[in-house]
Amino acid sequence: MPSKQVFETKDEAVYTTSNGAPVKEPYAAERVGFNGPLLLQDFHHIDLLAHFDRERIPERVVHAKGAGAHGYFEVTHDITDLTCAALFKKVGNRARATVRFSTVGGESGSADTARDPRGFAIKLRTEEGNLDWVFNNTPVFFIRDPAKFPHFIHTQKRDPQTHLKDADMFWDYLSQNPESIHQVMILFSDRGTPDGYHQMHGYSGHTFKFVNDKGDWYYVQIHFIADKGFKTLDNEQAGKLAGDNPDYGIQSLFEAIESKQYPSWTVYVQTMTPAQAESFRYSVLDLTKIWPHSQFPLRPIGKLVLNENPANYFAEIEQAAFSPSHIVPGIEPSADPVLQSRFFSYPDTHRHRLGVNYQQLPVNAPIVPIANFQRDGFMAFNNQGARPNYQSSISPLKYKAKPYSSLQHETWIGNSIAHLSEITELDFEQPRELWQKVLDDTHKAHLVHNVAVHLVNAKSAEVKARQLSVFAAVDQDLSDRIAKAIGAPTVQPLKVKPASEAIPFKTNIGKSQNF
Ligand code: HEM
């Protein structure tokens with residue numbers, strides 16, 4: 001039975017208990033006489049305190065500090081040759097979007113201008129269910145072996161004893177895991193301190209697959225390019241703002257939308273055929289690498305506009321539950337092991353953070369009706385009425401044939417192995433290009449400075465030397481400049497295997513039997 005949960009206008013609102021009974025005096029508590037103890041029968045008072053006691057839910061284990069808004073995604077170009085997703089069936093199609101931006105390492109009260117990657121999580125409500133794109137503002141990431149994620153995150157958070165952020169553990173992890181260097185260099189450039197959440201790009205980082213209605217499929221990277229450009233702060237501006245206005249990112253997003261300066265992004269894909277992927281220099285499953293635009297040009301597909309601030313932050317942003325595994329037919333995961341692990345991790349953490357029925361919360365509920373055999377659990381708002389809770393022969397649920405899926409277009413043959421990637425010379429090519437060809441002299445100087453003011457805090461000479469050897473493997477001059485800035489001896493480059501020893505990306509491509 002539907003209930004009228006809110007008063008239609010603010011003027012209509014009448015104070016009630018949570019069971020809807022009007023209360024005459026909200027500040028009064030029932031007590032024995034003027035000076036006696038309180039009465040247990042005072043439901044209003046007990047309900048008020050008990051609800052207050054439970055106001056905080058667990059904050060996200062990462063990406064706890066954030067800001068968000070609503071808007072729309074519009075398809076601007078025909079990509080039906082790439083995907084059969086209903087959203088992309090027609091140019092002009094629109095999906096209501098909710099976006100949450102975030103920093104990664106800090107707690108929910110931490111500063112928005114911290115040097116940190118930014119989350120860029122997008123929920124698109126389509127006629128075939130919700131499509132979540134849970135991206136970051138950098139095109140690459142620190143890891144490519146998913147089991148490293150909890151280790152890595154622990155080192156970016158607080159020391160178990162001192163409860164302080166710790167430069168030794170921060171650089172200890174990174175220097176032992178040099179595949180992180182590409183992301184480290186982006187993070188310590190001024191891109192590591194974006195000027196607000198709404199003036200930066202967003203990237204899938206991972207390779208996805210788009211499948212068209214003939215069953216052909218493509219590897220795809222997705223880019224959200226800010227129409228007003230990627231604006232950054234330098235280290236000193238960001239540090240000052242962290243003290244003066246730790247909520248700078250939330251505020252500037254909110255105010256941009258309130259003043260109708262709607263943030264917008266042009267959305268592009270890069271595509272690669274399965275055959276191209278086999279001859280590409282890097283593995284498409286390695287999210288420490290980018291796909292050069294010269295080889296794989298950006299193809300426009302749509303635009304994202306944020307034009308509506310949340311009316312209630314907690315209900316519409318804090319309770320938003322994004323997951324890379326919330327996908328729709330026509331868009332699929334690649335075999336990237338980090339992406340595959342994320343498919344598990346997000347719904348798992350949502351069940352912990354928001355409860356097993358998190359998909360039923362208004363901000364998360366799809367706009368299309370759902371019908372399945374999930375029932376009950378805490379907060380079952382949509383418990384699917386009288387419909388049978390098993391596949392009944394009397395009133396069976398119909399199945400809509402799913403278009404082509406990865407279950408049909410790939411076969412996997414081989415043994416199970418425990419795999420951990422190895423570092424090779426390939427891992428330093430793109431960071432070297434960034435240092436030698438992309439950054440100008442000013443941005444080179446900023447990168448050196450930004451690393452130096454952080455690395456100098458590491459007490460361990462060994463950790464410092466090891467990280468310098470990783471920078472030297474990128475470029476000796478880069479490493480020497482950082483060494484000089486922190487007063488450390490210069491070091492030789494880290495020795496790594498040659499590129500020829502990298503495991504090539506090969507997959508068994510072909511259509512397998514329908515079943
Ligand atoms: C948030 C796990 C890698 C982007 C989270 C959360 C978890 C998590 C548990 C908290 C979610 C919540 O409480 O709602 C992981 C694991 C990873 C991984 C296990 C690797 C093995 C990545 C990568 C990206 C990414 C590679 C981007 C390309 C995000 C974003 C959020 C997030 C944007 C915030 C979502 C929001 O605003 O609610 N991650 N993550 N993560 N992660 Fe990851």
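The UniProt annotation "active site", from an unreviewed entry, covers His-63 and Asn-136. The two span 74 residues in sequence, yet no two of their C-alpha atoms are more than 10.5 Å apart, so they gather at one spot. UniProt positions follow the numbering used here, feature names are shortened, and annotations may be inferred rather than shown by experiment.

This is a predicted model: local features need pLDDT of at least 70, side-chain atom pairs count only at pLDDT 80 or more, and totals for chains, interfaces and linings use all residues. Residues are numbered from 1 along each chain as its sequence is written.

**The annotated pair**

Where does His-63 sit? His-63 is in the loop between α1 (43-53) and β1 (66-75). Asn-136 lies in strand β4 (residues 129-136). Helices (H or I, at least four residues) and strands (E, at least two) are DSSP runs, numbered from the N terminus.

Are these residues buried or exposed? A residue is buried if 20 or more other C-beta atoms lie within 10 Å of its own, exposed if 12 or fewer, and partly exposed in between; C-beta atoms are placed from the backbone. His-63 has 23 such neighbours, so it is buried. Asn-136 also has 23 and counts as buried.

Next come their contacts. Two residues are in contact if their C-beta atoms, placed from the backbone, lie within 7 Å. The table leaves aside neighbours within four places in sequence.

| Residue | C-beta neighbours within 10 Å | Contacts |
|---|---|---|
| His-63 | 23 | Ser-102, Val-104, Gly-119 |
| Asn-136 | 23 | Pro-117, Arg-118, Gly-119, Phe-120, Tyr-203, Gly-205 |

Gly-119 appears in both rows.

**The core domain and helix α3**

For "domain: Catalase core", the unreviewed UniProt entry lists residues 16-398. Over that stretch the chain is 22% helix and 20% strand. Its end C-alpha atoms are 44 Å apart.

Helix α3 covers residues 167-176. Its buried residues are Met-169, Phe-170, Trp-171, Leu-174 and Ser-175. What covers them includes α2 (149-156), α4 (181-187), α12 (441-455) and α13 (461-474).

**The whole chain**

The protein chain has 14 helices and 10 strands. Its C-alpha trace spans about 80 × 65 × 45 Å along the principal axes. The radius of gyration is 26 Å, which agrees with the value near 24 Å for a compact globule of 515 residues. That radius is taken over C-alpha atoms, and the globule rule is 2.2 Å times the number of residues to the power 0.38.

Buried residues make up 37% of the 515. Among contacts between residues at least 6 apart in sequence, 72% join residues at least 24 apart.
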